[in-house]
Amino acid sequence: MKAKITVVGAGNVGATIAMRIAEKELGDVILIDVLDGIPQGKALDMYEAAPIEMHDCAILGYTSDYEASKESDIVIVTAGVARKPGMSRDDLLTTNMKIVEEVSENIKRHCPESIVIVVSNPLDAMCHVVKDVTDFPKQRIMGMAGILDSARFRLFISMELNVSVENIQALVLGGHGDTMVPLPRFSTVSGIPITEFISKDRIDALIDRTRKGGAEIVGYLKTGSAYYAPSAAAVEMAEAILKDKKKIVPCSAYLEGEYGIEGLFVGVPVKLGKGGIEEIIQIPLNEEEMSELKKSADAVKRLVDDMKRLKG
Ligand code: NAD
């Protein structure tokens, strides 16, 4: 049977996710937004490409009608506002918290068995909102950030060395923000650590560019934030789940003691399969890496505490 994927938010990220899902023939797509006409128009336009792209996946748009999302296997949450120049992801907290709360109530009501992939920012904090409202098991809630941040790091390494991106593996852990933790020790070119090829100064420069990767795009676009690479990353997660690939990728996952972190969503390597997050992979971090991860987790904790205060 064909899978059903609901994408909430028909903006830049959501619509591009919908298109990628259909073009990869992963399943039928329901695209939901609060706006009238936008989800319907974008969905129909993308659906009309089906005879050219040669896929048989429906893409249907709806305005706040979650009845259409019933029995979705996966719900991808992209609803909310995006960054403008000068804003950090954390500046989106108050607005997006309310939006993701409302979306989560609908997911709980209409798609109680679904796996939820969160994209809205601030990413790790929004995963907490979904968990608080839906009370879904931790295996079925995850945030997209690590795959995107790692892809940026991988691209910058491949550009630096003039080698194929296919040869580059890299790992970025931590919260999706300025404190994210790129790990050069676990980043390789055909299995050889990048530290064998690139000087420390240059690695530091690539790490800095990775940390500021989102802001670099916002700086160019001015009216919004990145969406081509983010949509590709979210779809990689959906594909790993739908095809039960047992793929190991960095995602924001709810930690209960792993890496010494308790009760927080933070980016770590996980195994993705049909059950969602089937395993949290614990890699041996050295003292400096561990302390950076802890700093990043503290930044997520501050946002979670801010949300508690906002709710009163
Ligand atoms: P966008 O403004 O293009 O689209 C957001 C859409 O959400 C809009 O169409 C809006 O009408 C809709 N929306 C608002 N409230 C809604 C609600 N209650 N229900 C349903 N839809 C609602 O923004 P975008 O560029 O698509 O980005 C979406 C979100 O994803 C932002 O919060 C952005 O910061 C985040 N993002 C995260 C990552 C990541 O790595 N995790 C990467 C890129 C973007």
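Which residues does His110 touch, not counting those up to four places away in sequence? In this predicted model, the list runs to Tyr66, Glu67, Ser69, Lys70 and Glu71. His110 itself sits in helix H4, which spans residues 93-110. With a relative accessibility of 16%, His110 counts as buried, because the cut-off for that label is under 20%.

Gly41 makes a handy counterpart. This glycine belongs to helix H2, made up of residues 38-47. Is Gly41 buried or partly exposed? Its relative accessible area comes to 41%, so Gly41 is partly exposed, a label that covers values between the 20% and 50% limits. Gly41 also serves to gauge a distance across the chain: from its C-alpha to that of Val249 the gap is 34 Å, and the two residues are 208 apart in sequence.

Stepping back to the whole chain, the secondary structure adds up to 10 helices and 14 strands. How does the radius of gyration fit with a compact globule? For 312 residues, such a globule would come out near 20 Å, and the chain has 19 Å, so the two agree. Along the principal axes, the C-alpha atoms take up a box of roughly 55 × 50 × 40 Å.

As for burial, 52% of the 312 residues fall in the buried class. The surface that the chain does expose amounts to about 14200 Å², and carbon and sulfur atoms account for 52% of that area. On the contact side, looking at pairs at least 6 apart in sequence, 69% of the contacts bring together residues at least 24 apart.

Charge comes next. The chain carries 37 positive side chains and 46 negative ones. How far apart do the centres of the two sets lie? The answer is 2 Å.

Finally, there is the matter of domains. The domain assignment splits the chain into domain 1, residues 4-143, and domain 2, residues 146-310. Their centres, taken over C-alpha atoms, are separated by 21 Å. How many residues of each domain are in contact with the other? On the domain 1 side there are 40, and these meet 46 residues of domain 2.

Terms used. Residues numbered from 1 in each chain as written. Predicted model: local features only at pLDDT ≥ 70, side-chain atom pairs only at ≥ 80, totals over all residues. Heavy atoms only, no water. Helix = DSSP H or I, 4+ residues; strand = E, 2+ residues; numbered from the N terminus. Rg over C-alpha atoms; globule rule 2.2 N^0.38 Å. Buried < 20%, exposed > 50% of the residue type's maximum accessible area, 1.4 Å probe, protein only. Contact = heavy atoms within 4.5 Å. Areas by Shrake-Rupley, 256 points an atom, 1.4 Å probe, with all protein chains shown as cover. Lys, Arg positive; Asp, Glu negative; His and termini not counted. Charge placed at Lys NZ, Arg CZ, Asp CG, Glu CD. Domains from an automatic or database assignment.
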